[in-house]
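Trainee: I should like to take a close look at a single part of this protein. Could you please guide me through an open sheet and its surroundings?

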Amino acid sequence: MAIDPNQEFLVQPVDASWLQCNIECQEACPVGTNCRGYLNLAAEGRFEEGYILSREPNPVAAMCAYVCSAPCERACRRGDIDRPLAIRAMKRFLVEWHAAAGIPDEMPVITPRDTTVAIVGAGPAGMAVARELAVAGHQVTVFDELPYAGGTMLIGVPAFRLPREAIEMDLRLVERLGVRFVYNTRIGREITFEQLQQQFDAIAICAGAMNAVGLDVPGGDLEGIQYGVDFMKIANLGQPLTVGNDVVIIGGGYTAMDCSRTSLRHGAENVSIVYRRTRSELVVDEEELGETEREGVRMEFLASPVEVLGEDGHVTGVKFIRNKLGEPDASGRRSPIPIEGTEFVIKAGVVIPAVSQAADNSFLPVESSFEINRGRVKVDPGTYATNVKGVFACGDFVTGPTTLIEAAGHGKKCAYAVDRYLSGRSEVEVTANVRIISSWRHEMPELYDVLPRQHVPMAPLAARMPSTDPEVNFTTPVEHGYDATGAVAESTRCLMCNYNIWFDPFRCVLCGACADVCPEGVIHMIDVSQMKAEGPLPELVDAYGWSQGAAMVLDEDRCIRCALCVKRCPYDAITMERFELQEVSSDGRLYKESYRDVQLGLAGLGDDRVRGGGPVPMNGLRR
């Protein structure tokens, strides 16, 4: 690929921060899971070690294995080449392999402390807070008004997507840490919030956002309107659910998809999802959307409801108006603008609004004077503390509806803050321990660059709803998951973003052989004058004093770690460098790691050279 001689390149130093951000799947995960690590272990057939790596940072790993929104996949750099790794499906394989193997989970050694914490809500955020505080030694009790743990995962996600055994797996591991769960207990009814304040040293509110936001259009009070969150709760608790033949769902999130597929399983014949923006603005992943459409749900984009139509007090249809997209709104997405004269009607016997949910603050005592902002309890963004002493809050309760993994990430950070409060620490320091291993030998797995993304096995359409009994259809799994062969093939596609090319400036003679052999156009030889930096860089100053010097720059976004440049270099000026990171806080907590796949089984270092520990020095230039 030819480079414009007038093009300028913004270069930056290669430090620990840059190297870690290069592992984009891990950086996108709210709980910091070392996705690349467990993929690489799975590719070698080291499934139990891969399970350990996927489980340790994630309090809800089993649930995530089935229904995680997988922000890691959207960030995966393989997606720039062809399609991203199926990271969520790989986690499912490892979780199921571990369960089938019957290998017990190793529990941490805990030093008990006298401090007590009450957690309101046993959903993903509450379970995350409970696990982290229990590991730190605090005595934790979780209260929930539902008959079992899981929160939104229990009553909001259908069983054909999330088997209840997955919730059970995550719950049992938290219980084994000594956490006590109290069910069928609503704060403000069976026990007051003031009693919690008296009995516990700290309280973490993780009550979620399960109140439906009303549909603000004429006809919104007609019989036949069932809000998505309530609709799914009825279905998940096995209560009678009537859907009729024609169902219209308003919204474009996971709740809308779940409501549509649940309606089909309860006998609906015509199901439509109407979303006010375009397909590209949907927050659901492509596989979820694809399976929804494959089952027969009709998708209608760029349309907003203007009125719910009815006869004799019951819904008969919904009138919509077409939209066009205008300027971005506060969320960064382009706002839908109605187009006059484009109204149309969709027939409906049941209308399910699934546009948003809100938190229920009614259990909070008025006299405590919690600060409320837009219906949500305000917290300090750094400490998760409310303005009431000893009371913290996190998850959907303060952010509004998010995803399973985002709620768990919020919960982990909240737990750290509660631990600091109970320990009398105002702040902690985090130190990055870095090791870089240089090697002139690097071999990627055979065919890794041409293997297509492995299709995640799904049940045939006819097998998904095999019965006239809605309960059977509702609990019949759709996704079957990988077998060992598919799992190894998929994980082999990983580009190993913890490896980076490094040029030795004292060996390089600027022959350009590396640029010629690179199959992805990653390496470029440019004039020194084309390089610009936001601050002074020794690499520019020390360019041998040449007035017309040249330099090699890399476009890391396209690098597939094939190491052809390393093999081609006639002067051994290029090495592949393995980056390993461990972020440890001053209170002994492991915040992030990118090394365990090596620690679990060192192998194949060959002629590698360990080039450093501690903070990594500036090592070169990347554009």
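Mentor: What follows describes one sheet, a helix that packs on it, and the nonpolar cores. Please bear in mind that the model is predicted.

The open sheet has 4 strands in the order β10-β9-β8-β15, and their pairing is parallel. As a general matter, strands of a sheet pair through backbone hydrogen bonds, in either a parallel or an antiparallel manner. At the edges stand β10 (298–300) and β15 (350–353); each has a single partner strand, so one side of each lacks a neighbour in the sheet. On average, neighbouring strands are turned by 20° against each other, with direction ignored.

Consider next how β15 is joined to the sheet. Strand β8 (residues 246–250) pairs with β15 in the parallel sense over 4 bridges. Here I249 stands opposite I352 in β15. Helix α13 (residues 254–265) packs on this sheet and touches β8, β9 (270–274), β10 and β15. The direction of α13 makes about 175° with that of β9.

I249 also leads us to the nonpolar interior. The largest nonpolar core has 115 residues, and I249 is one of the four that touch the most other members, together with I119, V129 and L162. Helix α16 (residues 404–423) supplies the largest share of this core, 9 residues. Leaving aside neighbours within four places in sequence, the contacts of I119 include V129, A130, V140 and F143. Another core, of 23 residues, lies apart from the largest one; among its members are L495, M496, M552 and I560. In soluble globular proteins, nonpolar side chains tend to be buried together.

Note on methods. Residues numbered from 1 in each chain as written. Predicted model: local features only at pLDDT ≥ 70, side-chain atom pairs only at ≥ 80, totals over all residues. Heavy atoms only, no water. Core = buried A, V, L, I, M, F, W, Y, C linked by side-chain atoms within 4.5 Å. Buried < 20%, exposed > 50% of the residue type's maximum accessible area, 1.4 Å probe, protein only. Helix = DSSP H or I, 4+ residues; strand = E, 2+ residues; numbered from the N terminus. Contact = heavy atoms within 4.5 Å. Pairing = 2+ DSSP bridges. Axes fitted to C-alpha atoms, helices over the stretch in contact; angles between N-to-C directions.
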